Amino acid sequence: MLCIAGTDFSSRLFLGTGKFSSSAVMAEAIAASDCQMVTVALRRVDLTNPDDDIMSALGQREYTFLPNTSGARDAVEAIRLAKLARAASGSSWLKLEVTPDPRTLLPDPVETLKATEELVKDGFIVLPYMNADPILALKLQDVGAAAVMPLGSPIGTNQGVLTDSMIEIIIDQAKVPVVVDAGIGAPSHAAYAMEMGADAVLVNTAISVAGDPVAMARAFAQAVEAGRTAFEAGMGQRSKQASASSPEDGQLSADLGFLK
Amino acid sequence: MNIRLNGSEKTLKEFSSISALLQDLSLNPKTVVVELNTEIIQPGSYDEQTLTENDSVEIIRFVGGG
């Protein structure tokens, strides 16, 4: 079972809660996915809509909430948001996101490392969103990240796991769980990440903007489970040379001699 | 008196407390976090914490996000 910072998760699918058409659809999709970890963001209250509260929309089910620091452009802003998140949630779980360039939303490795170190010292359970850089993953692990979250491709692009060769190295080296985050656009992408040995995947846009988000959430749950089962079953080696699936011995040799 | 509330000007009665401000805005205190001049205010202090001219107040809550 997946364990992060002492908490067990039977589902290896984490869901983002952004961009759903309504709170009701979001709640139904999350329930259909059977996930136990959901991300949320912090924003200024919309003073024209005082009752718009995502936590009450998510209802009574028990989720681990993973607040993110989206919008932070450097470590200082991320730490300020982290403290607000802890005050709002009453828990120390944090998805650290430091994205200085709104065009690419790529994570700043220097500021992310700096903020991780400081937040871990302050008692946060930090899951940093990071580029798929194996050296950075080790450094984040060394300063106390509870898991690392390398990107498959830029946030919201649905391009899939373009960073697969680097993610393989990260998985190979990591002592903490590896959660592939961002860019996962189809259940097959999620299954692929899980087959590689990722501990979990985080999906948002691909589900929230689907024609039927509830059905898509179910499809992702199945894909994540299939991919994990395949990883645990042990995948066959890749080879350039063909290798017959049917037996080579006992082939007919008389009139069907071409079968030899 | 005037304060900055979530980046905009807001006129309040003198010595308004944070509780009074939240009530004025129809906000459930349990669903928000309040920052006064970049310091987080603990919910237990909302009644006694009064606001003064030019204070900067941020009222934050969770929204959907990835």
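Accessible areas are obtained here by the Shrake-Rupley method with a 1.4 Å probe. On that basis, chain A of this predicted model exposes about 12600 Å², and carbon and sulfur atoms supply 50% of that area. Of the 260 residues of chain A, 46% count as buried.

The overall form of the chain may be considered next. Along the principal axes, the C-alpha atoms of chain A fill a box of roughly 85 × 40 × 35 Å. The secondary structure comprises 9 helices and 10 strands. When contacts between residues at least 6 apart in sequence are considered, 64% of them join residues at least 24 apart.

One part of this architecture can be followed element by element. Strand β6 of chain A covers residues 93-96, helix α4 covers residues 109-121, and strand β7 covers residues 125-130. Together, β6(A), α4 and β7(A) make a right-handed β-α-β unit. The two strands run parallel and are joined by 4 bridges; within this pairing, A:L96 has A:P128 of β7(A) as its bridge partner.

The side chains of β6(A) merit a closer look. In a regular strand, side chains alternate between the two faces of the sheet. A:W93 and A:K95 point one way from β6(A), while A:L94 and A:L96 point the other way. All four of these residues are buried.

A further site lies in the loop between β5 (64-67) and α3 (75-89) of chain A, where A:S70 is found. Is A:S70 buried or exposed? Its relative accessible area is 13%, so A:S70 is classed as buried, the limit for that class being under 20%. The side chain of A:S70 makes a polar contact of 3.1 Å with the side chain of A:R43 and another, of 3.0 Å, with that of A:N68. Apart from neighbours within four places in sequence, the residues in contact with A:S70 are A:A41, A:R43, A:L81 and A:E97.

The cysteines complete the account. A disulfide is a covalent bond between the sulfur atoms of two cysteines. How many disulfides does the structure hold over all chains? The number is 0. For A:C3, the nearest cysteine sulfur is that of A:C35, 18 Å away. Because a disulfide requires the two sulfur atoms to lie within 2.5 Å, A:C3 is in no disulfide, and A:C35 is likewise in none. As to their surroundings, A:C3 is partly exposed, with a relative accessible area of 37%, whereas A:C35 is buried, with a value of 2%.

Terms used. Residues numbered from 1 in each chain as written. Chains lettered and ligands numbered in written order. Predicted model: local features only at pLDDT ≥ 70, side-chain atom pairs only at ≥ 80, totals over all residues. Heavy atoms only, no water. Buried < 20%, exposed > 50% of the residue type's maximum accessible area, 1.4 Å probe, protein only. Polar contact = N/O pair within 3.5 Å; in protein donor to acceptor, adjacent residues only side chain to side chain. Contact = heavy atoms within 4.5 Å. Pairing = 2+ DSSP bridges. Right-handed = clockwise from strand over helix to strand, strands pointing away.
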